[in-house]
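Good morning, and thank you for coming. Please take a moment to look at the sequence and the structure before I begin.

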Amino acid sequence: MEQPLFSGYLLVTDMDGTLLGADKSISDENLQAIERFVALGGASRSLRGGSSLP
């Protein structure tokens, strides 16, 4: 059986300023890319540093 394309890969991203836009939301383009990555076997995690979101 063939492994999924992104099997064994982990997507880790910062939240504010990277994944989230100025309005503190995830763009449709980014959301679709993450969903495709996970659907093809990837694992996704988001990290948040010390700054606080209002």
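I begin with helix H1, residues 28-39. The expected span of a helix is 1.5 Å times one less than its number of residues, so the twelve residues of H1 should span 16 Å, and the end C-alpha atoms are indeed 16 Å apart, which agrees. Helices (H or I, at least four residues) and strands (E, at least two) are DSSP runs here, numbered from the N terminus. Just after H1, Gly 41 takes a positive phi of about 100°.

A word on the source. This is a predicted model, in which local features need pLDDT of at least 70, side-chain atom pairs count only at pLDDT 80 or more, and totals for chains, interfaces and linings use all residues. Residues are numbered from 1 along each chain as its sequence is written, and side-chain values use heavy atoms, with hydrogens and water left out.

How confident is the predictor? The pLDDT is its confidence in each residue, from 0 to 100; the mean for the protein is 84, and 83% of the residues reach 70 or more. Among the elements, H1 has the highest mean pLDDT, 94, and strand S2 (residues 43-47) the lowest, 76.

As for the overall plan, the protein has one helix and two strands, and along the sequence they follow the pattern β-α-β. Of its 54 residues, 11% are buried, where buried means under 20% relative accessible area, exposed over 50%, and partly exposed in between, with a 1.4 Å probe and protein chains only. If contact means heavy atoms within 4.5 Å, then among contacts between residues at least 6 apart in sequence, 77% join residues at least 24 apart.

I turn next to the loop between strand S1 (10-14) and H1, where Lys 24 lies. Most residues other than glycine have a negative phi. Lys 24, although not a glycine, has a positive phi of about 65°. With 44% relative accessibility, Lys 24 counts as partly exposed.

Which residues do ring pairs link into a cluster? They are Phe 6, Tyr 9 and Phe 37. Rings of Phe, Tyr and Trp (its six-membered ring) pair if their centres lie within 6.5 Å; planes under 30 degrees apart count as stacked, over 60 as edge-to-face and the rest as tilted. The structure holds two such aromatic pairs. In one, the ring centres of Phe 6 and Tyr 9 are 6.2 Å apart and the planes stand at 90°, so this pair is edge-to-face. In the other, Phe 6 and Phe 37 are tilted, with 4.8 Å centre to centre and 40° between the planes. Because Phe 6 lies in the segment before S1 and Phe 37 in helix H1, this pair ties together parts that are 31 residues apart in sequence.

The three residues of the cluster can also be described by accessibility. Phe 37, at 13%, counts as buried; Phe 6, at 22%, counts as partly exposed; and Tyr 9, at 53%, counts as exposed.

Finally, Arg 36 is also found in helix H1 and, at 52% relative accessibility, counts as exposed. The C-alpha atoms of Arg 36 and Phe 6 are separated by 9.8 Å, although the two residues are 30 apart along the chain.

Definitions and conventions:
pLDDT is the predictor's confidence in each residue, from 0 to 100.
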